[in-house]
Structures are given as structure tokens and as C-alpha cells.
Amino acid sequence: MQRIGRRRGAGSPLVGVISDTHGLLRPEAVAALAGVDTIVHAGDIGSAEILDALRRIAPVIAVRGNNDRDAWAAALPEIARLEIGETRIWVVHDLKELAEDPASAGVGVVISGHSHRPRFSLPVAVARLHLAPAGPRAEIVELAVAGPGRGSRPTRRRGLDGARGTGAVSARGGAR
């Protein structure tokens, strides 16, 4: 299990979460991830350049998605098991790839991508995972991107209520 330390000194670790970029890293996502200690990319990255750009923000933990087939992705694991602060985290692109029960393994957070839900009407978002001593808390950050039905400002939601579909960041018990 990989242990990740903090970069920001005092306070609880802050993890930026992104997935399914498919070779497109929006400037709005870069801005929303600024200031995090670590970035987790849950697969379908699209190119090594995406990881390079994310590494300019913070250290990156990434897993290989089903579309990450080129040579640059060969070294990426299918599942990453890590510990940040006191929180055990598993990262996987497709939840079907988890053979173990995360809760039984003492995992506090499972991060996944690959929902295969139609995304045309859903907001484009990243997440900020706060790993406080009282327990993990996810904040969904909807990005203001051009397109029909898109807002003009990022919207931050506390908790997971607005992100219950597969692929959401979920505390205690895996993705929802």
C-alpha cells in the first residue's frame, strides 16, 4: 500500500479527483484542482500529457482505464491502493474490477470512473476530497464550461447527495 504525505503543512490532506478526461484537460478543471495535496485520476486519461499537466499542480496517482491502451499507459496499475493521512483509499476505473469488498478490507474511500452513464446533460465536474480526522468528506465542483445548459460559475456541493451514480467519490463503503 502506498502512503502519501501532505504538501500543505498544517491541516487535513486535500485530494483532487478527476476521471475520464479522454485526452482533454479543461482549464476549468486545472483551476478547480489548484491547491490540492495530491490528485487522483480514475482512468481513461487519454494521454501522458494529461498526467504531466496534472503533475504541475500536485503529485498524481492514476489508474489505467479501458481506453488507456497505448505504451505510455502500460506502467499504470488497474487498481491503486493507497493511504493518505489516516484514510485508506482504493482507486479503480471500473468498479467491476474490484474482487474484494472494500469495507471488509478497512477501506474508507473508493474512487472510480467509467460510469457509462450518458453525460450530455450532466455537469462536467471534479471533486475535492477532504480527509479530516472526523472522516472523509467529498465536495463536487461543477465546472463552468461552454455548452447547452451549462452554468456560468463553478458550483460546489458538500457531501455526496448530488453524486450517487456509479463513478462518484464515496466515503465508507465504496462508490455509489
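Here a colleague asks a modeller how the terms used for this predicted structure are justified.

Colleague: Before we start, what kind of model is this?

Modeller: It is a predicted model, where local features need pLDDT of at least 70 and side-chain atom pairs count only at pLDDT 80 or more, while totals for chains, interfaces and linings use all residues. Residues are numbered from 1 along each chain as its sequence is written, and side-chain values use heavy atoms, with hydrogens and water left out.

Colleague: How many helices and strands are in the protein chain?

Modeller: The protein chain has two helices and eleven strands. Helices (H or I, at least four residues) and strands (E, at least two) are DSSP runs, numbered from the N terminus. Read from that end, the order is β-β-α-β-α-β-β-β-β-β-β-β-β.

Colleague: Why is the pair Arg55 and Asp52 called a salt bridge?

Modeller: The term asks for a side-chain nitrogen of Lys or Arg within 4 Å of a carboxyl oxygen of Asp or Glu. Arg55 and Asp52 have N to O at 3.2 Å, so the pair qualifies. These two residues are three apart in helix H2 (residues 48-55), which means they are separated by about one helical turn.

Colleague: What makes Arg55 "partly exposed"?

Modeller: Buried means under 20% relative accessible area, exposed means over 50%, and partly exposed is in between (1.4 Å probe, protein chains only). Arg55 has 46%, so it is partly exposed. Asp52, at 38%, is partly exposed too.

Colleague: How do you know that Glu100 forms a salt bridge with Arg81?

Modeller: Their closest N and O atoms are 3.4 Å apart, and that is within the cut-off, so the name fits. This pair links distant parts of the chain: Arg81 is in strand S5 (residues 79-84), and Glu100 is in the loop between strand S6 (87-92) and strand S7 (109-112), 19 residues apart. Glu100 has a relative accessible area of 44% and is partly exposed; Arg81, with 33%, is partly exposed as well.

Colleague: Is Arg128 buried or exposed?

Modeller: Arg128 has a relative accessible area of 11%, which is under 20%, so it is buried. Glu139, at 10%, also counts as buried. The side chains of Arg128 and Glu139 meet in a salt bridge, N to O at 3.9 Å. Arg128 lies in strand S8 (residues 125-132) and Glu139 in strand S9 (residues 135-142), so the pair ties together parts that are eleven residues apart in sequence.

Colleague: What does the side chain of Arg128 reach at 3.4 Å?

Modeller: It reaches the backbone oxygen of Ala34. A polar contact is a pair of N or O atoms within 3.5 Å; within protein, one must be able to donate a hydrogen and the other to accept it, and residues adjacent in sequence count only if both atoms are side-chain atoms. At 3.4 Å, the distance for Arg128 and Ala34 is within that limit.

Colleague: And how many salt bridges does a search of the whole structure find?

Modeller: The search finds four, among them Arg55 with Asp52.

Colleague: Which residues in H2 are buried?

Modeller: Ile50, Leu51, Ala53 and Leu54 are buried in H2. They cover an arc of only 160° around the axis (taken from the directions from the helix axis to the C-beta atoms), which puts them on the same side of H2.

Colleague: What share of the protein chain is buried?

Modeller: Buried residues make up 49% of its 176 residues.
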